[in-house]
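Open the model in your viewer and switch to cartoon view. The tour goes through a sheet, then a helix, then a loop.

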Amino acid sequence: MYAVCVTSVLVVKADIKAYTPVGQLFVFELQREAFQNEFEPFLKHYGRVYNDPMLFKCNMQSFPDLPGWLRFTQRHHYDNGFLYGTPLAQGKSMIEITVTNKRSYDTFRDRLIITIDPPAKRMPYQAEFFIPLREIEKVLPSTVQEEIRQDMMRMWKTDRLDFVNITSALDRGGRVPLPLAGHYEGVYVKVGSDQYFSECLLRLQTAEHRRQCEAGGRAKIPGDCKVCSYPGNCVTWCKSTLIDLSRPVIPPPAPTMGPGILDAGGVYDPPESPPPRDFLPDYIVTVIVPLALAIILCLLLAYIMCCRREGVERRDGKTPDIQLYHHHTIHGNTSELRSMAGYRGVPPPLSTLSMFNARTGETAPPFQTDSPSIPLILAQQEINTDTLPRK
């Protein structure tokens with residue numbers, strides 16, 4: 001076991017090399033099982049291998065992102081990752097692959113060197129098909145690509161057919177589907193050949209086909225074009241197009257000369273001052289109108305606050321006498337209590353005296369006893385005394 005561990009540490013992992021021609025689809029699958037053996041090789045030696053989730057991260061060497069022609073996708077940590085794209089120019093791309101084991105959080109780094117060779121085949125006739133019942137991760141495996149290729153070979157009636165590009169519908173502005181069964185993103189598959197289009201494919205360019213698609217219905221394609229061996233590989237004809245690169249591309253017309261474009265060798269003489277402009281309408285709209293509205297609102301508020309008041313006399317006239325008496329009594333008692341708060345040597349207020357008449361102000365003399373406190377019940381002074389009045 002010690003020898004196996006030392007050997008696994010000292011072994012130098014070589015770079016992964018891949019080759020692809022210009023103008024053809026490149027797909028590289030990052031398999032979880034291969035990197036699982038890199039993390040724990042001694043476990044495989046003893047027949048024990050974990051099914052760990054793996055997180056792949058890919059970027060160009062010394063850069064944070066991938067090249068413009070290359071894309072990466074991994075749906076779930078238990079799925080394999082895919083690098084795919086179509087190179088447009090010759091060269092070499094070095095991709096750093098960082099793998100993280102989500103169970104043990106071990107990290108492994110590898111390097112992929114992609115050599116882009118000159119175009120191997122000439123494919124002037126290309127066609128792009130939309131497959132609505134597929135997702136990008138389900139189309140990139142080689143077995144699924146071969147199924148789609150066989151169906152399109154029967155439609156095209158040729159075996160000289162190669163993939164040019166595969167793109168997710170989300171990259172074309174499609175909507176993210178609901179996370180429910182039966183909802184898919186959809187993919188665009190572009191294939192090319194050196195043989196001209198078949199008769200069933202040429203029907204995509206007819207006026208009747210375009211009319212049916214513009215009407216919102218599904219275009220009717222003859223039976224010789226409906227050759228999808230698997231229902232998930234059937235295409236949507238209204239979103240399929242034919243591309244003929246054998247014809248020379250006509251350059252766009254040159255822009256017409258106008259007053260804003262200089263003639264050849266001309267000199268632009270800017271004006272010394274800008275043309276005059278009347279700012280009075282702008283001043284009226286931005287300053288005068290808001291100021292007038294503010295003045296009107298102030299006048300309206302002043303009229304409501306000052307001119308619409310009843311007055312004290314009219315308010316007192318509408319108020320019942322008993323309510324006014326209670327109101328004045330409360331005010332008088334409040335004023336009296338406030339005056340007593342600063343000086344404690346004043347006689348007790350009338351309202352605190354026993355038997356006080358609020359209307360007349362008369363008070364009854366309290367009981368005079370030698371006791372410092374007046375009993376609440378007179379019978380408490382003499383137990384055997386009859387307190388009832390006698391004649």
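**Stop 1: a facing pair**

Select Phe130 and find what stands opposite: Thr236, in strand 11. Keep in mind that this is a predicted model.

Now widen the selection to strand 8, residues 125–131. Strand 8 and strand 11 run antiparallel, and five bridges join them.

**Stop 2: the whole sheet**

Show the four strands of this open sheet in the order 9-10-8-11. The pairing is antiparallel. Which strands stand at the edges? Colour strand 9 (162–168) and strand 11 (236–244): those are the edge strands. Each has a single partner strand, so one side of each lacks a neighbour in the sheet. Look along the sheet for its twist, which averages 20 degrees from one strand to the next.

**Stop 3: the helix on the sheet**

Add helix 5, residues 142–156. Helix 5 packs on the sheet and touches strand 8, strand 9, strand 10 (187–193) and strand 11. Compare directions: helix 5 makes about 120 degrees with strand 8.

**Stop 4: a loop residue**

Leave the sheet and select Gln90, in the loop between strand 5 (81–85) and strand 6 (91–101). Is Gln90 buried or exposed? Gln90 has a relative accessible area of 53%; the cut-off for exposed is over 50%, so Gln90 counts as exposed.

Next, show the contacts of Gln90. Leaving aside neighbours within four places in sequence, they are Val22, Ile116, Asp117 and Pro118. Finish with a distance label from Gln90 to Ile116: their C-alpha atoms are separated by 5.0 Å, with the two residues 26 apart along the chain.

Conventions: Residues numbered from 1 in each chain as written. Predicted model: local features only at pLDDT ≥ 70, side-chain atom pairs only at ≥ 80, totals over all residues. Heavy atoms only, no water. Pairing = 2+ DSSP bridges. Helix = DSSP H or I, 4+ residues; strand = E, 2+ residues; numbered from the N terminus. Axes fitted to C-alpha atoms, helices over the stretch in contact; angles between N-to-C directions. Contact = heavy atoms within 4.5 Å. Buried < 20%, exposed > 50% of the residue type's maximum accessible area, 1.4 Å probe, protein only.
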